[in-house]
Amino acid sequence: MSAYQTVVVGTDGSESSMKAVERAGAISGDSAQLIIACAYFPTDDKDVSAASDVLKDEGYQVHGSAPTEEILRTAKERAAAAGGVNISTRPVVGAPVDALLNLVADSKADLLVVGNKGLNSIAGRLLGSVPADVARKSRSDVLIVHTV
């Protein structure tokens, strides 16, 4: 049984973030609400048209939030396979750190789960990383999953 009532996990579709999703699914089990979030920035029409021209029949993948929706669908499947039961998904507009922290506050989540991607890189140390920034700024518990 989970001590947490609401768990938020962030994913960008990378294998690293999917490992965090799986861990969040296992933690939430059948007793906690799991919210899987994917932050994105809407693209303008010019960028979408250019990408659609290159992708041809696969161009639908860059329209609207289609890429984000596909990431969330896959993440939900992986969380469920890891034991998560009460799972919802949320595409959130904005930078990952702000989007996740706002979602945690809005949903009154008591745990935020993220992967450790970028945490030990030189760029992450110099510029900041999602796991380091959310750990520093979050008002809820944060679990940084070792994903390497």
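This is a walk through one protein chain, from its overall plan to its central sheet and then to its largest pocket. Keep in mind from the start that the model is predicted.

Let's begin with the overall plan. The protein is built from six helices and five strands. If you follow the chain from the N terminus, these elements come in the order β-α-β-α-α-β-α-β-α-α-β. Of the 148 residues, 40% count as buried, where buried stands for under 20% relative accessible area.

Now look for the sheet. Five strands make it up, and it is an open sheet with parallel pairing. How are the strands ordered across the sheet? Reading across, you meet S3, S2, S1, S4 and S5. At the edges sit strand S3 (86–93) and strand S5 (141–145), each of which pairs on one side only. Neighbouring strands are turned against each other by 25° on average, with direction ignored.

A good place to zoom in is strand S1, which covers residues 6–10. Is S1 mostly covered or mostly open? Mostly covered: five of its five residues are buried. Thr6, Val8 and Gly10 point one way from the strand, while Val7 and Val9 point the other way, and all are buried.

S1 has a partner on each side in the strand order. With S2 it shares five bridges, and the two strands run parallel. Two places help you find this pairing on the model: Val7 has Leu34 of S2 as its bridge partner, and Val9 stands opposite Ile36 in S2. To get from S1 to S2, the chain passes through H1, and this β-α-β crossover is right-handed.

Turn next to the pairing of S1 with S4. These strands also run parallel, and three bridges join them. Here Val9 has Val113 of S4 as its bridge partner, while Val7 stands opposite Leu111 in S4. Val7 and Val9 are therefore handy landmarks, a friendly pair to keep in view as you turn the model.S4 is mostly covered too, with five of its five residues buried. Leu111, Val113 and Gly115 point one way from S4 and Leu112 and Val114 the other way, and all are buried. Moving on from S4, five bridges join this strand to S5, and the two run parallel. Leu112 of S4 has Val142 of S5 as its bridge partner.

Finally, let's visit the largest pocket. It holds about 300 Å³ of space. Its lining consists of 16 residues, and those nearest the centre are Thr11, Asp12, Ser17, Pro96 and Val130. Which elements give two or more residues to this lining? They are helix H1 (15–28), strand S2 (33–40), helix H4 (96–107), strand S4 (111–115) and helix H6 (130–137). S2 gives the most to the lining, with three residues. As for the kinds of residue, the lining divides into eight nonpolar, six polar and two charged.

Key:
Residues numbered from 1 in each chain as written. Predicted model: local features only at pLDDT ≥ 70, side-chain atom pairs only at ≥ 80, totals over all residues. Heavy atoms only, no water. 1 Å grid on protein atoms, 1.4 Å probe; cavity = no way out; pocket = protein on both sides within 12 Å on 5 of 7 lines; lining within 4 Å. Points joined across faces, edges and corners; volume = space filled by probe spheres on them. Helix = DSSP H or I, 4+ residues; strand = E, 2+ residues; numbered from the N terminus. Nonpolar A, V, L, I, M, F, W, Y, C, P; charged D, E, K, R; others polar. Buried < 20%, exposed > 50% of the residue type's maximum accessible area, 1.4 Å probe, protein only. Pairing = 2+ DSSP bridges. Right-handed = clockwise from strand over helix to strand, strands pointing away. Axes fitted to C-alpha atoms, helices over the stretch in contact; angles between N-to-C directions.
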